[in-house]
Amino acid sequence: MMFLAPTMLWGLFAAVIPIIIHLYSLRQTKEMDFSSLRFIRELEYETIRRLKIRQWLLVILRMLIIICLIMMLSRPVIKGFIPSWITSEKESRVVIFLDNSASMTMKVDGTSLLKTAKSLVLDIADIYDESTSFYCYQTNPLKQIYKGNPRDQSLETSLEKVNYHSSEDHLFLKVDSVLYSQDAFEPNKECFIISDFSKQIYRDMKDYSPISNFLSDTEETGWRFYLIGQKELSNNLSLRGINILSQIRLPNSLLKIETEVKNDGTKDKRNIPVELYINNDRLGQVVASFNKFQSKEFVYQAYPGLSGNIQGHLEIPEDDFVLDNYLSFDFTVPEQINCTVIGSSSEEIFLLETALSAIDNQSGFLNIDVKIDTEPNRLLLDYTDVLILYNPGALQPSVIEDIQMFLNDGGGVIWFTGNRAISHKDNFAIDALRLPRVKEIKALSGEAFYSVSVAQDDHPILYDLKLRHIDNELPQIYKYIDIIPPKKYIPVLKMNNGDPFLLEFHSMGGTFFYFTSLMNLNWNDFPVKGLAVSLLHRVLLYLATDENNLKPVLAGEVKTIDIQDNELNSEWVVRTPSGMDFQLVPDYHTKQLKISHTEELGSYSILKNLTPYTSFSTRLSEFEYPSQRLEKDEVLNTFSHNRVRWIPPQNDLKNHLKSVRYGSSLWRGFLICAILFFLIETILGISKSKH
């Protein structure tokens, strides 16, 4: 506590006046005529003692009245956040950070947090005079929106232009970058941060440690911080994610889509519809109830009904935070698969060709290009979706280079390894393409065979495979190549001795499906099994689906779209979720389209020569969900010094800030105490007079 008029404290010596008067009055005696002393004797000892105690109580009360009045006149205050030696706002620099990230669109009492935050900026500006150095920044993207007089009308105009942005805020990183660049010479430097303080702060501190100077306990910066929090969320359901379970997608095949819905608010929600749309047609709906903080998962089943690039979304009713009520997704159903088959002779690949022909059945779904060459020099794979290599021998360096480029573009390879691998097991293609290492041929004599079983039931090419008894359709193996699998691989089918028959692994950006036995009746009975055609069909679909272009990105991130050489000179356009079109210029070096304006949430369409080419969706960062907030103590603990104050959400921010900055005045409290003591003294004094 400190005093604005300390000289008045000399008046405390006046508190001894009631004692002096009381002691002086005891020395004064009055002579009174009594007719008899019997009335004096009637006074008991205890009665006289109570009278003396009451007299001293009156003296003490009168002293307290004088003390309280003197304390009131000395203008006592609780010490404020601003040093007492700073006497003018001319010596202050104020920097305000306005969080305009997606989470600030949440509504409380019908008003968004961002709109409320703008009004708080104006309240802060009102407590400073015109000579204060005043700055205001928005966080997403980081931008100075105002500099100048805090009382100028242009501040309100600048705030009106601030809109929300869906990208991650990285709040403290941006505060640090601005304050570090501020050339502040004023002795008083104050920073106001108006935000809902997401948990991304913790990740930033971990990834960018040390995150900043202002968090550390150093006096060099001199900044004082006011953290202004926001009100809590009460009414919100959020779509937390979507996963297309069906990796094999056909127009007439059942598509399985999984999603999670969570109640982030403090209210129970009843009879909420969760709707699935594909190409704006509603294909599914679930009605469910959610208790507070409860999450539920749902799986939809629907038929796409068409091929090509398909856009869909999930939707729930609007609530206090609308950005998590709509979640878009994109997938493709291939119209045609271009398949290149490399074999050494027509007789050797006859059974493979037969299986591929059964898949196509003259429908044009498969475009098969068969090349018979024992040692090809080049492979032209520009228009190939899936490359099938059947029992290849030594590959020329130029062929290996072509396969590497094919894999780098996300291509898929089906590899049938056979006896030629043994004669060329030192071939450097194994290292160049990161293939399994070949050991030896293992063969059984007579009627002996190795049985095959499913290694992973949930693998995409086996999941929901429509075979009545899959065990009866699995092949018997008479001969196979014993290999050393790569470090990271996925077994799909395995033999009863533990060796793989079919495995999946990734190499150089592409995907391999590797068979350790040929489609040959001398090696196995796989060609005559019903599984052969359906399994090859699913592998082709799995490899031909280009998921890279369809992958969603976080809002605000750069999205890259891979294109072919012959497509570089095409006319490219991106169409935003709101329907706006922007021209795109390809990067001729990387053969990619780079889309930087991804601020909107939803599905973006890529048009090639005004026809649909591909699409992708943007996602809200996990830290922008309103439930991902830090509590007051968690935020304050990120600072290792005491130059920070937490300002809870309230209506009268202006007066509260004045009290925090300059301290709270206590004179009213002393005045009230003086009045109370006076009333008590009056009551006791009246009782004394009667006695």
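Biologist: What is the relative accessible area of Lys 591?
Modeller: In this predicted model, Lys 591 sits in the loop between β31 (581-584) and β32 (592-595). Buried means under 20% relative accessible area and exposed means over 50%. Lys 591 counts as partly exposed because its relative accessible area is 30%.

Biologist: Near what value is phi of Lys 591?
Modeller: Most residues other than glycine have a negative phi. Lys 591 is a residue other than glycine with a positive value, and its phi is near 55°.

Biologist: Is Phe 197 buried or exposed?
Modeller: Phe 197 is found in the loop between β8 (188-194) and α7 (200-207), and its phi is positive as well, near 55°. Its relative accessible area is 1%, and since the cut-off for burial is under 20%, Phe 197 is classed as buried.

Biologist: Which residue follows Asn 140 across a cis peptide bond?
Modeller: Most peptide bonds are trans. The bond that starts from Asn 140 has omega near -20° and is cis. The residue it leads to has its place in the loop between β6 (133-138) and β7 (143-148), and that residue is Pro 141.

Biologist: Which are the edge strands of the nine-strand open sheet?
Modeller: The order of the open sheet is β18-β17-β19-β20-β27-β26-β25-β22-β23, with mixed pairing. An edge strand here pairs on one side only, and this holds for β18 (366-372) and β23 (476-477).

Biologist: Which residue in β23 stands opposite Ser 451?
Modeller: Strands of a sheet pair through backbone hydrogen bonds, either parallel or antiparallel. Strand β22 (residues 450-454) and β23 pair in the antiparallel sense over two bridges. Opposite Ser 451, the residue in β23 is Gln 476.

Biologist: How many residues of α13 are buried?
Modeller: Helix α13 (residues 530-544) reaches 22 Å from its first C-alpha to its last, close to the 21 Å expected at 1.5 Å a residue. Its buried residues include Leu 535, Arg 538 and Tyr 542. The helix is mostly covered, and of its 15 residues the number buried is 11.

Biologist: What accessible area does the nonpolar patch with Leu 676 have together?
Modeller: Leu 676 lies in helix α16 (residues 667-690) and is partly exposed, with a relative accessible area of 46%. It forms this surface patch with Ile 672, Ile 675, Phe 678 and Leu 679, and together their accessible area is about 490 Å².

Terms used. Residues are numbered from 1 along each chain as its sequence is written. This is a predicted model: local features need pLDDT of at least 70, side-chain atom pairs count only at pLDDT 80 or more; totals for chains, interfaces and linings use all residues. Side-chain values use heavy atoms; hydrogens and water are left out. Helices (H or I, at least four residues) and strands (E, at least two) are DSSP runs, numbered from the N terminus. The expected span of a helix is 1.5 Å times one less than its number of residues. Buried means under 20% relative accessible area, exposed over 50%, partly exposed in between (1.4 Å probe, protein chains only). Patches are made of residues with over 30% relative accessible area and no salt bridge: like charges are joined within 9 Å, nonpolar side chains (Val, Leu, Ile, Met, Phe, Trp, Tyr) within 5 Å. Accessible areas come from the Shrake-Rupley method with a 1.4 Å probe; for residues, only the protein chains shown count as cover. A salt bridge is a side-chain nitrogen of Lys or Arg within 4 Å of a carboxyl oxygen of Asp or Glu. Two strands pair if DSSP finds at least two bridges between them.
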